[in-house]
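Q: Please take a close look at one helix-to-helix contact here, and explain how its parts meet. I am new to this structure, so please also place that contact in the chain around it.

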Amino acid sequence: MPPSVVQNYGLHHFSCVLLVLLTLSASVMGQTCMNYGETSPSNASSCLCPPGFGGATCAQPGCGGTIFDGSSRSLAQPSASSPGFANLTASNCTCESGWGGVGCNVCTTASACQVAYAAVNGNASAISGLDGLAGLNDTMVCNTAPAVWAAGELSCQVNNPTLEALYPLRSTLNILRTLNGSLSPLHNTSGTLLSSSTSSSIYAQLMYAGVEQFFCTASPCTQTLSSSTTSSGNTASSTWTCQNLSCSCIQNATFCGGVPASNLTSTIGGLTGTLIVACDSTNTCHFQQNTINAVFGSQGLSMEGCVFGECVTQAVIDTTNATSSAAAASGGTKLSGGVIAGLAVVGVIVAFGLAVVLWGWYVQRAAKKLPFNGGQSGGISVRWSDISYIVQLPKNSPSSLIAKSTIQGGKTILDNVSGSIESGQLMAILGPSGAGKTTLVELIAGKSKSGQYTGSITFPPYSPGHHPRVAFVPQNDILPSMLTVREALTFAASLRLPEALPAPSKAALVSTVISKLGLDGIAETRIGATDGTGRGISGGEARRVSIGLELVSCPDVLVCDEPTSGLDSVSAFRVVNVLKELAREGGAAISHQGSHGHRKGVAVICSVHQPSSRLYHTFDSVHLLSNGRALYSGPGGLAPAQYFMRMREGGGAGADVLPYEEGYNVADYLLDIASESPDIPSMSLGINAVGEIGPSVSSEEKVDGGKDVEALSTQNLAPSLYATTFLTQLQVLCGREWKVLRRDKTLFFTHVCVACVLGIFCGGLYYQTGSTIAGFQARVGCLFFMGSLIAFSSLSALYNIVEIRPLFLRERSNWYYSPTAWLLSRLIFDVIPLRIIPAIIVCTITYWMAGLAHDGVHFFKFLLVIVLYTLVMTLFNFLLGTLFRNGGIAILLSALSALYQMTYAGFFVHLASIPPVLRWLQWLCPLKYALEAISVNEIGSGLMINDTLQGVPVNISATLIMQLLFGFGLNNYYRDILVLFAFIAGLGVSVIAVVWLRVRERR
């Protein structure tokens, strides 16, 4: 052979050898171990495989033999029916005696473990080299319970109608659970991979028709054991909770692309997070993961016919069992973090409530121990100087719906009015309609006015800026309709008199006032509606009750706006006589102590429209107004007529004054002057009726009087504007609310009866909803209906606030109680019996008739959401009722808000499909959170959808349908609860703020 040929042949041979070496090198470098096997450290071309698998890439399951055979075990081979994939079914694999499960990896007898181990390891002890086990019982046993001591196999059948509709052949799942690989006799088996002693793990493979489809692993893991006693004896269950789940799909397998229409590659690859494998002694296991739970229900993928097998030495069982028993005895059941946090919040709320109650009780006891001054009142004069008042004319604007109208112009109601009254006097303020009488008495009483006024009002000998107890009787009678006359007066006395005064003394004071006002015959009669819409006392009697409400407070100054209006002459004279007696004797006139002790007169000011001659001469002084100007202010009787006659005789501007005829009613004469001679000059300050300078008070008298009043003010004026403590206010208010609720039984029973009827109607409408797709939609529809019903039924709370608002304004303006105490009493005796209890009734009836989750836990979680949502809507309507003066506007806004909530609740429209510019409104919708919470609670009971679609059986979790149709979050229950609590807190604070700042009397 020529050299050139030899050379070319050598180069060609070298090239072939090099190509083969590169191919082998690439094969070794690219070696991939399936089923999470690892490259063998002794042979880079082979893999260490989990028990039950072998081959160069761990892709072939064992076929016959035992798990102790390791790398020498016979393996399943590819078949024509599954090209490229090892097939256990086609390989006709049979298990040796004592072994079972798909792949023959599960031991069934102890002798099978002993024979298989001895066949590979001879007489070597399975616990040799293990610390702490030397000398113990090394007998090999087969553990067939769900619990694992070292490393155990289980094999289960996967039976799910929906899965079988897509993949009709047999599906099985093999799982190797390794708790401590070093304690397993498999740890020395050649070619076998187990987790280390410090790492627990799970290996799982799904087999379909004998071919592996995908495999998963998760680590680290914890095993939780539990036991229970049944009719068949003690049973044990095992729950494995593993982290870092990872799954891999075998490309082109049936599940992973072999059937393109049902390719699960992305779904299986997305199985991550926490894996739970729960098994019990009934040969049932559950493969649980978030995605799997969303499809197959809260219990996950159910596996039946499970067989458990673990070859383990008795020494490992004895040692591990002793440790587990000790830990169980000392550990007990642990509460979850959410339960602990919830209990902590509840504990803080309860502790705070108890602390507030104890503090209130302490303050109440301290107030009752304070010394009482004997109920003295009076000794106070009233002087007003240059009082001018301008009312602002209305201007239409949207803000007038909430607040008073804005300014457009002004009208003068009072023009530099001056006058005075000494203690012990009874003054009548006269004038025609529109003269400014009501405005003047309201300013003297310190009522909040919407207009602007100038001038000064003082109460000698009080220094400017200090005010005595001024009582005011309004022109309109606003009284509690459900109380009797005595109860109404007792209510006022309980809140307006100091707590140091004993209850019997207050009751005696009330009885005296009733007697003085001539109300003995109706003392035990209900007041009724003062507007004539309900039966009760007459208008004149209501007028006297209104006066009595102020008399029981023993005021220093009493101001009455037309106290005789609506009364006959006899009743009017009796009322004025009582006022005069009060003016003369002060608190002694109505005190149960009689007239003993030092008396101090009370200044009593009354606006009177048209008194009779007899009534007119009862007054000590007269103040005449005309078009906002004071024409006269001085003594009563004939003095005003004499004053105007002298003015007429003096000529000038007074020449047009009408003459006075003897015997003519002086009051009518004064009204004629005020009406027909409005241009006469006002009376100068300091000039009395006879045209002389009025008497002045000496400095000594001022000093003496100042001492008496200083002592009185020190005793009577508490640091708070309220006469009683907060706890006493709450007790008295609750007492009144209880009487109203007890007497108006129709109010409560109507709510209850309507709730029962609606519950039966709604329950019949959704009676026993099934577990089909349509039934699931009906379930959510039922829950939505109940939420919407609560939203609309809470409108009655708004009407109730609008109805009771005038009474609250009157009582608050007279400092009966704080707004917070009133709101709390309304919460106890209005919200609970009239809102929460009916809501619970209607929802309870509907819940059980509709066949919702039949267990106590989910039912009470459902009721919790209903109660919270009811509170949210009630407080929201409270806010509207207090914010808007116009009840019709408040009701309209409440109805519109209910419609808005129905739109954004997620039932009519999927929230994700709403345009982003409007989507954010869902976060302001309480019904969204309530519906989501009760829907998630219903799904959380393990609800499964069992239906048939075009002949295909469907057995999937309702969670999947819920997320697809409504977009509710599976884990949002407790988040929604917290959001509802936040709504309650925010609305509660808003209601309190609005009531404190805006709901106040403005005349």
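A: The answer starts with the chain, turns to the contact, and then follows aromatic rings and some loops.

This is a predicted model, in which local features need pLDDT of at least 70 and side-chain atom pairs count only at pLDDT 80 or more, while totals for chains, interfaces and linings use all residues. Residues are numbered from 1 along each chain as its sequence is written, and side-chain values use heavy atoms, with hydrogens and water left out.

The protein chain holds 27 helices and 29 strands (DSSP runs numbered from the N terminus, helices being H or I of at least four residues and strands E of at least two). Of its 1003 residues, 48% are buried (under 20% relative accessible area, with exposed over 50% and partly exposed in between, for a 1.4 Å probe and protein chains only). Among contacts (heavy atoms within 4.5 Å) between residues at least 6 apart in sequence, 70% join residues at least 24 apart.

The part to look at closely is the meeting of helix H19, residues 773-793, with helix H25, residues 926-939, whose axes come within 10 Å and cross at roughly 140 degrees (axes are lines fitted to C-alpha atoms over the stretch in contact, with angles from 0 to 180 degrees between N-to-C directions). H19 and H25 are therefore oblique to each other, the word for what is left when under 35 degrees is roughly parallel, over 145 roughly antiparallel and 65 to 115 roughly perpendicular. The crossing of H19 with H25 is right-handed, that is, the near helix is turned clockwise from the far one by less than a right angle. On the H19 side the contact is made by Phe776, Arg779, Val780, Leu783, Phe784, Gly787 and Ser788, and on the H25 side by Leu927, Leu931, Ile934, Ser935, Glu938 and Ile939. Sorted by kind, the residues of this contact are eight nonpolar, three polar and two charged (Ala, Val, Leu, Ile, Met, Phe, Trp, Tyr, Cys and Pro are nonpolar, Asp, Glu, Lys and Arg charged, and the others, Gly among them, polar).

Two of the H19 residues in this contact, Phe776 and Phe784, also belong to a cluster linked by ring pairs, together with Phe907, Phe908, Phe966 and Phe968. Rings of Phe, Tyr and Trp (its six-membered ring) pair if their centres lie within 6.5 Å, and planes under 30 degrees apart are stacked, over 60 edge-to-face and the rest tilted. By this rule the count comes to 32 aromatic pairs. In one of them, tyrosine 722 and tryptophan 815 have ring centres 5.6 Å apart and planes at 65 degrees, so the pair is edge-to-face. Tyrosine 722 lies in the loop between H16 (699-716) and H17 (726-743) and tryptophan 815 in the loop between H20 (795-813) and H21 (819-849), so the pair ties together parts that are 93 residues apart in sequence. Tyrosine 722 is buried at 12% relative accessibility, whereas tryptophan 815 is partly exposed at 40%.

Elsewhere, some loops have backbone features to note. The peptide bond from serine 219 to proline 220 is cis, with omega near 0 degrees, and proline 220 sits in the loop between strands S13 (211-218) and S14 (221-230). Asparagine 92, in the loop between strands S6 (82-86) and S7 (99-100), has a positive phi near 50 degrees and is exposed at 64% relative accessible area.
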